[in-house]
Amino acid sequence: MTDNKPTAGGQGWSFRLGADEAGRVARALQEYEAAHPGEPVPVEDVIRKITRREPTRSDVPPPKVDPAAVGPSWEVGPFKVGLMPSAQLAGLEFTADDGRVQVAVLTLKELTALGPLFEHATEHLARGGSRSVDVAAACRDLIGRDPFENAG
């Protein structure tokens, strides 16, 4: 999860979350929102409280990953999927018609549930259609959230 607000030096900050942390953070954010309707949610503070650590600077390259920890990747229509089986997570990249690329992190269960979206998008493109599938609506229907909502 990344905070897009630049600091005084123009740097951003990011939190690297494991699957269990991501679930706890999501629940904590929902609870905060329910307890404080209409107020802005202090996302950074909630994440710090759950993870008990500070964010890393986003301009610092991520640590090297053991290649064995990164699984296979593939393309499905306008989507690229990359697995991290040891973390039970998947990266999902969507390229819109206008060339805009959005990236999100999903659990493997969520990735599996998006099967109908991948099938529809692939069939639509095969028939000469555009990439203009309403990905946000499809994700909300299939997994209950838009994983690209706060993604870049």
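Q: Which residue in β6 is the bridge partner of Val81?
A: The model is a predicted one. In it, β5 and β6 run antiparallel and are joined by six bridges. The bridge partner of Val81 in β6 is Leu92.

Q: In what order do the four strands of the open sheet lie?
A: Strands of a sheet pair through backbone hydrogen bonds, either parallel or antiparallel. In this sheet the pairing is antiparallel. From one strand to the next the twist averages 20 degrees. The order is β4-β5-β6-β7.

Q: Which strands stand at the edges of the sheet?
A: The open sheet is made of four strands. An edge strand here has a single partner strand, so one side of it is left without a neighbour in the sheet. The strands in that position are β4 (73-76) and β7.

Q: Which strands does α4 lie across, and at about what angle does it run to β5?
A: Helix α4 spans residues 115-126. It lies across β4, β5 and β6. Its angle to β5 is about 150 degrees.

Q: How many residues does the largest nonpolar core have, and which element gives the largest share?
A: In soluble globular proteins, nonpolar side chains tend to be buried together. The largest such core here has 21 residues, and those with the most contacts inside it include Phe79, Leu92, Leu111 and Val135. The elements that give two or more residues to this core are β5 (79-84), β6 (89-95), β7 (101-107), α4 (115-126) and α5 (135-143). The largest share, four residues, comes from α5.

Q: Which residues does Leu111 touch, leaving aside those up to four places away in sequence?
A: Leu111 is one of the residues with the most contacts inside the largest core. With residues up to four places away in sequence not counted, Leu111 touches Trp74, Val81, Leu83, Ala90, Leu106 and Phe118.
In addition, a core of five residues lies apart from the largest one, and its members include Ala28, Leu29, Val46 and Ile47.

Q: What kind of aromatic pair do Phe79 and Phe118 form?
A: Phe79 is in strand β5 and Phe118 in helix α4, 39 residues apart. Both Phe79 and Phe118 are buried. Their ring centres lie 5.1 Å apart, with 65 degrees between the planes. The pair is edge-to-face.

Q: Why is the pair of Phe94 and Phe148 classed as tilted?
A: Phe94 lies in strand β6 and Phe148 in the segment after α5, 54 residues apart. Phe94 counts as buried at 5% relative accessibility, and Phe148 does at 4%. The ring centres are 6.3 Å apart and the planes stand at 50 degrees, so the pair is tilted.

Q: Which residues do ring pairs link into a cluster?
A: The count of aromatic pairs comes to three. One of them is formed by Phe79 and Phe118. The cluster linked by ring pairs consists of Phe79, Phe94, Phe118 and Phe148.

Q: What percentage of the residues of the chain count as buried?
A: The chain has five helices and seven strands, in the pattern β-β-α-α-β-β-β-β-β-α-α-α. It exposes about 9,700 Å², of which carbon and sulfur atoms supply 55%. Of its 152 residues, the buried fraction is 28%.

Note on methods: Residues are numbered from 1 along each chain as its sequence is written. This is a predicted model: local features need pLDDT of at least 70, side-chain atom pairs count only at pLDDT 80 or more; totals for chains, interfaces and linings use all residues. Side-chain values use heavy atoms; hydrogens and water are left out. Buried means under 20% relative accessible area, exposed over 50%, partly exposed in between (1.4 Å probe, protein chains only). Accessible areas come from the Shrake-Rupley method with a 1.4 Å probe; for residues, only the protein chains shown count as cover. A nonpolar core is a set of buried Ala, Val, Leu, Ile, Met, Phe, Trp, Tyr and Cys residues joined through side-chain atoms within 4.5 Å. Contact means heavy atoms within 4.5 Å. Rings of Phe, Tyr and Trp (its six-membered ring) pair if their centres lie within 6.5 Å; planes under 30 degrees apart count as stacked, over 60 as edge-to-face and the rest as tilted. Two strands pair if DSSP finds at least two bridges between them. Axes are lines fitted to C-alpha atoms, for helices over the stretch in contact, and angles run from 0 to 180 degrees between N-to-C directions.
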